[in-house]
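This report walks through a single chain, residue by residue where it helps. Please keep the sequence and the 3D view open while reading.

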Amino acid sequence: VGSEMCIRDSFSPGLISEFEREHKRFFSLHDAILSAQRRGDFTAIPSLLSEFEAALTGHLLTERIRLYAYMDAYFSTDQQTRTMLREYRTEMDRIGDAVMQLFRKYRNINSDITLKQSLGRDFEELGKILTERMEREETILYPLYMPVAR
């Protein structure tokens, strides 16, 4: 009962809607970066990248601490679901690392003509990856986040 009480206490009813709002913000920042690139406004891009990086870092940490830890405890007796959760977390870690590398790559966009030329392509690809991942999170992963039955 003690561990169940601890799990119950760590459930946050607004967590999933918070994550979904953050997903919308990621797409907004992504679109703003591509829009700046299309306008040739490369001076706007570093601050957008910094904002995106900070938002994504916070999101990933919150997912790891509040979502995955909770669901790992919630599904402690369901090895199949725990394995799926571990695979989701591992995949997101890889995506997060790749996105952070992309952000680092484009920090100096104002002083590198090749970066100005490749940003559109790289960020179009990033958009596809984020869309696919976030759709799976919102349709498969997030519905598994539920309170412990009383």
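## Glu137 and its surroundings

Not counting residues up to four places away in sequence, Glu137 touches His23, His59, Glu63, Met92, Tyr142 and Pro143. The model is a predicted one. Glu137 is found in helix H5, which covers residues 113–141. Is Glu137 buried or exposed? Its relative accessibility is 1%. The cut-off for buried is under 20%, so Glu137 counts as buried.

One of its neighbours also makes a polar contact with it. The side chains of Glu137 and His23 are joined at 3.0 Å. Glu137 is also part of a network of salt bridges. The other members are Glu91, Glu132, Arg133 and Arg136.

## Salt bridges

How many salt bridges does the model hold? The count comes to 11. Among them is the pair Glu124 and Arg38, with an N to O distance of 3.3 Å. This pair links distant parts of the chain. Glu124 sits in H5 and Arg38 in helix H2 (residues 15–39), 86 residues apart. Glu124 is partly exposed, at 40% relative accessibility. Arg38 reaches 58%, so it counts as exposed, the cut-off being over 50%.

Lys105 pairs with Asp122, and their closest N and O atoms are 2.9 Å apart. Lys105 lies in helix H4 (residues 79–106) and Asp122 in H5, so this salt bridge ties together parts that are 17 residues apart in sequence. Lys105 is partly exposed, with a relative accessible area of 39%.

Arg39 forms a salt bridge with Asp41. Here the closest N and O atoms are 3.3 Å apart. Arg39 is exposed at 54% relative accessibility. Asp41 is partly exposed at 26%.

## The nonpolar core

The largest nonpolar core has 42 residues. Which residues have the most contacts inside this core? They are Leu67 and Phe123. Helices H2, H3, H4 and H5 each supply at least two residues of the core. H3 gives the largest share, 10 residues.

Leu67 has contacts beyond its sequence neighbours. Leaving aside residues within four places in sequence, Leu67 is in contact with Leu15, Ile16, Phe19, Thr62, Leu141, Tyr142 and Tyr145. Tyr142 is also on the contact list of Glu137.

## Helix H3

H3 runs over residues 45–74. What span should its 30 residues have? At 1.5 Å a residue, the expected value is 44 Å. The end C-alpha atoms of H3 are 41 Å apart, which agrees.

H3 also has a kink of about 35°. The kink is centred on Glu63. Glu63 is one of the residues that Glu137 touches.

## Ser12 in the first loop region

Where is Ser12 found? Ser12 is in the loop between helix H1 (2–9) and H2. Its relative accessible area is 17%. That value falls under the 20% cut-off, so Ser12 is buried.

Not counting residues up to four places away in sequence, Ser12 touches Arg66 and Tyr145. Tyr145 is in contact with Leu67 as well.

Methods: Residues numbered from 1 in each chain as written. Predicted model: local features only at pLDDT ≥ 70, side-chain atom pairs only at ≥ 80, totals over all residues. Heavy atoms only, no water. Salt bridge = Lys/Arg side-chain N within 4 Å of Asp/Glu carboxyl O. Helix = DSSP H or I, 4+ residues; strand = E, 2+ residues; numbered from the N terminus. Buried < 20%, exposed > 50% of the residue type's maximum accessible area, 1.4 Å probe, protein only. Core = buried A, V, L, I, M, F, W, Y, C linked by side-chain atoms within 4.5 Å. Contact = heavy atoms within 4.5 Å. Expected span 1.5 Å × (residues − 1). Bend = angle between axes of the 7 residues up to and from the residue. Polar contact = N/O pair within 3.5 Å; in protein donor to acceptor, adjacent residues only side chain to side chain.
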